[in-house]
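Me: I am new to this structure and would like a close look at a single part of it, the place where the ligand sits. Could you take me through the surroundings of the ligand, and then turn to the protein interior?

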Amino acid sequence: MKLYMSVAAHLRERIEKGIFSSGMRLPSVRTLSSDHGVSVTTVQLAYRQLESDGLIESKPQSGYYVKTIPVLPRPMAANDIKAFSTEPVESQNSVEFEYYMEHPGLLLGTGYPCMNAPSMAPLFTALHRQAQNYVQSPQTRRHPSGLLALREHISHLMLDAGCQSRTDDVIITNGCKEALFIALKASCEPGDLVAIESPCYFGILELLKIAGVTPVEIPADPVHGLSLEALVVALETLPIKAVYLSPNCNNPQGYTMSDVRKRQLLNIANKYDITLIEDDIYSELSYLLPRPRPIKSWDSENRVILCSSFSKTLTPDMKTGWIFANRQQKKLLNLKLMTSGVTAITPQMAIADFIEQGHYARHIRKMRLLYRKHLAIAQEKVLAYFPKGTHFISPQGGYHLWINLPNEIQISELCAQLELKKIKILPGTLFSPQKRFTSSLRLSYSSLHLYDADEMIESLAQSVRQCLTEVKSSTFGL
Ligand SMILES: Cc1ncc(COP(=O)(O)O)c(C=O)c1O
């Protein structure tokens with residue numbers, strides 16, 4: 001372990017134990033450097049690490065402070081797991097469909113990235129250019145696995161993330177959701193059990209349903225991610241075939257699992273002989289650089305199937321994703337072709353062109369900064385307007401903030417109130433087949449600049465406070 005990491009671990013432990021409590025000023029860089037006998041730079045690195053972990057913040061001319069977060073969750077211990085049943089549950093019908101049909105124009109609830117950023121303009125130019133190229137020679141670049149040039153670029157992106165990737169290992173899909181479906185079909189039979197993180201991306205619940213597979217919810221906390229302890233308990237008692245998880249810049253909680261825990265998970269997968277279906281869709285939007293490594297990058301036994309797409313980094317409208325497994329290539333390709341045939345070529349040509357010209361790397365840099373800026377605004381507003389008892393942990397990347405409201409609040413009642421105001425958030429219950437998280441919500445901040453964020457978050461908070469008042473008055477018979 002590097003020196004700064006052990007200083008950071010020492011501080012983290014004290015924050016978690018409450019020795020350094022919420023809002024408290026931390027020792028100065030110089031004091032800590034002389035206390036620990038390490039250089040000033042080492043302490044600065046440790047503080048920067050904790051800052052990007054969302055635990056502390058720096059105030060100009062004043063120093064570092066523990067963030068005002070009332071509760072820091074810990075990895076789930078074996079005896080906590082009893083309270084969080086890992087019994088398999090039947091997933092619901094078309095959660096995503098029903099919710100989106102009822103709630104057009106999601107604003108604070110949207111899963112879409114900011115698509116009108118100026119750095120996107122060259123993509124639309126490339127699309128136009130490539131559409132013209134296509135008209136001239138429509139057949140030339142078709143390949144069952146997808147456009148070679150794009151697969152080469154993706155393979156380089158994967159190499160940058162630490163994966164041993166060859167172009168031939170990449171299959172282009174219609175977005176990440178199709179990649180996930182293929183991964184599920186390749187690793188499970190109808191009736192099998194698949195462990196999912198809880199809360200989890202709700203689109204996977206639909207996929208499990210149509211694949212005839214039953215989910216087993218495994219708790220995940222916003223600091224450490226999937227509870228490995230709970231997973232082992234479930235693996236000891238249930239014939240689980242695969243685990244679905246999104247370990248980097250997780251949707252909805254925003255955590256990035258530590259490399260140590262990712263490797264521990266891989267060891268568990270090897271020991272119990274299960275497949276890991278790794279959703280890597282938000283990783284490039286990590287606020288901490290270099291982007292976090294996928295579990296796939298340590299996968300010496302080839303049991304991880306990585307799924308991703310450009311839907312969060314560029315746009316979901318080009319429906320361009322990929323699956324990357326370095327095994328079962330024929331099976332995966334066959335499933336892909338049986339599901340939807342060869343993926344549309346023009347968006348692939350446009351994205352390859354966009355990457356080739358160096359626009360992609362620039363765009364990603366800009367989007368990370370934009371989302372970080374939006375996150376700071378969103379957090380500030382939530383801290384200012386939401387009632388006491390509201391908890392959140394800073395996400396490590398992406399553009400979603402998972403907020404735990406005071407327990408008394410029923411999210412369905414809050415949503416009914418927000419409906420009248422035309423404010424959209426996603427209720428926590430959507431992220432669990434058992435409809436847990438009845439007092440949580442996901443607030444998305446990708447496009448905060450398109451509306452009056454201050455007014456909207458204040459109005460959202462007002463409804464939260466009103467719900468709380470109503471619960472309290474009914475409890476006390478007022
Ligand atoms: C974690 C996660 N995985 C996969 C998807 C689906 O991505 P795509 O639109 O590329 O199919 C989403 C979209 O919301 C997501 O949030």
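Reply: What follows starts at the ligand and then moves to the nonpolar cores. Please keep in mind that this is a predicted model, and that the distances below are computed from it.

The ligand is surrounded by 13 residues, and the closest of them are Asn251, Asp279, Ser309, Ser311 and Lys312. Two of these serines make polar contacts through their side chains: a polar side-chain atom of Ser309 lies 2.7 Å from an oxygen atom of the ligand, while an N or O atom in the side chain of Ser311 is 2.5 Å from a ligand oxygen atom. Cys176, by contrast, takes part through its backbone, with an N or O atom 2.8 Å from an oxygen atom of the ligand. Taken on its own, the ligand has 400 Å² of accessible area, of which the protein covers 91%. Among the elements that build the shell, helix α8 (residues 175-187) gives the largest share, namely three residues.

Turning to the interior, the largest nonpolar core holds 102 residues, and within this core Ile204 and Phe310 touch the most other members. Because domain 2 (118-360) and domain 3 (364-475) both give residues to this core, it lies between them. If neighbours within four places in sequence are left aside, Ile204 is in contact with Leu180, Leu184 and Tyr244. There is also a second, separate core of 26 residues, which includes Ala195, Ala234, Val243 and Leu245.

Note on methods. Residues are numbered from 1 along each chain as its sequence is written. This is a predicted model: local features need pLDDT of at least 70, side-chain atom pairs count only at pLDDT 80 or more; totals for chains, interfaces and linings use all residues. Side-chain values use heavy atoms; hydrogens and water are left out. A nonpolar core is a set of buried Ala, Val, Leu, Ile, Met, Phe, Trp, Tyr and Cys residues joined through side-chain atoms within 4.5 Å. Buried means under 20% relative accessible area, exposed over 50%, partly exposed in between (1.4 Å probe, protein chains only). Domain bounds come from an automatic or database domain assignment. Contact means heavy atoms within 4.5 Å. A residue is near a molecule or strand if one of its heavy atoms lies within 4 Å of it. A polar contact is a pair of N or O atoms within 3.5 Å; within protein, one must be able to donate a hydrogen and the other to accept it, and residues adjacent in sequence count only if both atoms are side-chain atoms. Accessible areas come from the Shrake-Rupley method with a 1.4 Å probe; for residues, only the protein chains shown count as cover. Helices (H or I, at least four residues) and strands (E, at least two) are DSSP runs, numbered from the N terminus.
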